[in-house]
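Hi everyone, thanks for making time for this. I'd like to walk you through one model today, going from a single residue out to the whole fold and back again. Here it is on the screen.

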Amino acid sequence: MTETSTTPAPEKINLVGLSREELAAAVAAVGEKPFRTKQLWHWIYHQGATDFARMTTLARPLQAKLAEVFEVRKPAVSREQTSEDRTRKWLMKFADGNEAETVYIPEDDRGAVCISSQVGCTLTCTFCHTGTQKLVRNLTSAEIVGQFMVARDSYGEWPTPKDGGRLISNIVMMGMGEPLFNYDNVSRALKIIMDGEGIALSKRRITLSTSGVVPMMERCGEDLGVNLAVSLHAVTDELRDVLVPINRKYPLKELIRACRDYPGANNARRITFEYVMLKGVNDSEADARQLLRLIKGIPAKFNLIPFNAWPGAPYECSTPEAMDKFVKILNDGGFSSPIRQPRGRDIMAACGQLKSASERAREQERLKRMAARVEALAPAGADARAPNAAGNA
Ligand code: SAH
Ligand code: SF4
């Protein structure tokens, strides 16, 4: 550490991401009455105010007092990109310099924001780009709620519009990371988002996707009651062990039992089974039939995801013919099984393509160094460049 002559100002406490109880404690700690908690909550999560001076129901001296110790801080946006299909992606930069991506997927008059729960992911699903990223930490509840708030800033959706009149109408916890490995922060963030006096998004409009962290699934259903999506991707343990390695810890039998027992699942609120279509790997007609047998009796729906390629990925997307046959079998089994239209592919915003820009840059550097080494080794005149070494990440 370098020494400086001036003492740095103490860090302010960020009010974003505090639960109601924590906010109340913060309010009490500065000697203010409990009703201030409700006022602050309204300004931050209903009005979207970040500047205490804008909080006009608070007297000036109180605004100044709060601003001295507190702040309302959202993640910084290092980059915003909008795809040809209107999908929008933000690269969020957090206070420690770490980054994660957030995506908004628009439908006609509504849409879902896809939120990250970790920087990278400790799991190593072999078809997922995020899974190849090394740097991992859990996002804080402030960083999770903050992603949603930044999306709202971008679409000018403050104050909170009435349900039904919102462009950002849904949340899917399907960005970078495994949300059930960061349950405390995810649940605190989602409870803030669901609170009726602020952002007020109903649990019915929130879907959490898990790779199958079996011991946390029941708690998630009981505590949050959000919709559950499960990344199934294979119908045998042998294959799922490879595609979704957490399967070695929580094999299919246990995963399916946890789905059967998921609190609140019924025919009106089905569990979504996500299934990435990988050419020649998991897309046969026999796979489709086994899939139906596997989920028999569970209130289920399917989300078939065409594989989104990334540089160096060891798989290809199934052919349209294979996907059609697969879908037909599910249809005949009584499921509508839509194939998810890939969105935002041109800006690398599609499922499984998320990765922080700095990580991509590191990868680029690594490939360049490799190319240079190969070139140095090559006999003079020979054209021996490393395959895929340039401009690919
Ligand atoms: N970690 C959680 C949530 C994030 S991933 C989970 O695994 O469920 C969101 C979805 O995208 C998952 O179903 C995941 O399996 C899928 N996915 C990952 N990489 C993909 C790729 N390259 N193409 C298509 N879908 C992918
Ligand atoms: Fe992690 Fe989900 Fe990607 Fe698997 S698919 S590596 S759990 S983000």
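Let's start at S117, which sits in the loop between β6 and β7 (118–119). One thing to keep in mind as we go: this is a predicted model. So, is S117 buried or exposed? Its relative accessibility is 1%, and because buried means under 20%, S117 counts as buried.

What does S117 touch, once we leave aside its neighbours within four places in sequence? The contacts are N138, L139, M173, M176, G177, E178, P179, N182 and V186. Please hold on to two of those names. M173 comes back when we get to β9, and G177 comes back when we get to the ligand.

Now let me zoom out to the whole chain. There are 11 helices and 13 strands. Of the 393 residues in the chain, 51% are buried. If you take the contacts with a separation of 6 or more, 65% of them come from residues 24 or more positions apart.

On to the sheet. Nine strands form an open sheet with mixed pairing, and the order is β3-β4-β5-β6-β9-β10-β11-β12-β13. Which strands are at the edges? They are β3 (76–82) and β13 (300–306), each of which pairs on one side only. From one strand to the next, the twist averages 20°.

Let's walk along part of that order, beginning with the antiparallel part. Strand β4 (residues 88–93) runs antiparallel to β5, and six bridges join the two. If you want a pair to click on, L91 is opposite E101 in β5. These two strands make a hairpin with five residues between them, and in the turn G97 has a positive phi of about 90°.

Strand β5 itself covers residues 99–106, and seven of its eight residues are buried. On its other pairing, β5 meets strand β6 (residues 111–114), again in the antiparallel sense, over four bridges. Here V103 stands opposite C114 in β6. This is a hairpin too, with four residues between β5 and β6.

From β6 we move to parallel pairing. Three bridges join β6 to β9, and the two run parallel. The pair to look at is A112, opposite N170 in β9.

How do the side chains of β9 point? N170 and V172 go one way, I171 and M173 go the other way, and all are buried. And there is M173, which we met among the contacts of S117.

Next along, β9 and β10 are parallel and joined by three bridges, with V172 opposite T207 in β10. To get from β9 to β10, the chain passes through helix α5 (residues 183–194), and this β-α-β crossover is right-handed. Then strand β10 (residues 206–210) pairs with strand β11 (residues 227–231), parallel once more, over four bridges. T210 has V230 in β11 as its bridge partner.

One helix to rotate into view: α4 (residues 141–154) lies across β3, β4, β5, β6 and β9 (170–173). Helix α4 runs at about 130° to β4.

Now the ligand I promised. Which residues surround ligand 2? They are C121, L123, C125, C128, G131, G177 and S211. By class, that shell has four nonpolar and three polar residues, and no charged ones. G177 is the name you have heard before, as one of the contacts of S117.

I'll finish with some backbone details, since I know this group likes to check dihedrals. W158 and P159 are joined by a cis peptide bond, with omega at about -15°. P159 is in the loop between α4 and β9.

Then there are positive phi values outside glycine. R86, in the loop between β3 and β4, has a phi of about 80°. With 46% relative accessibility, R86 counts as partly exposed. H233 is in the loop between β11 and α7 (237–243), and its phi is near 70°. H233 counts as buried, at 4% relative accessibility.

That's my tour, from S117 in its loop, across the open sheet of nine strands, to ligand 2 and its surrounding residues. Thanks for listening, and I'm happy to spin the model around for anyone who wants another look.

Technical notes
Residues are numbered from 1 along each chain as its sequence is written. Chains are lettered from A and ligands numbered from 1 in the order in which they are written. Side-chain values use heavy atoms; hydrogens and water are left out. Buried means under 20% relative accessible area, exposed over 50%, partly exposed in between (1.4 Å probe, protein chains only). Two strands pair if DSSP finds at least two bridges between them. A residue is near a molecule or strand if one of its heavy atoms lies within 4 Å of it. Ala, Val, Leu, Ile, Met, Phe, Trp, Tyr, Cys and Pro count as nonpolar, Asp, Glu, Lys and Arg as charged, and the others, Gly among them, as polar. Axes are lines fitted to C-alpha atoms, for helices over the stretch in contact, and angles run from 0 to 180 degrees between N-to-C directions. Contact means heavy atoms within 4.5 Å. A crossover is right-handed if, with the strands pointing away from the viewer, the path from the first strand over the helix to the second runs clockwise.
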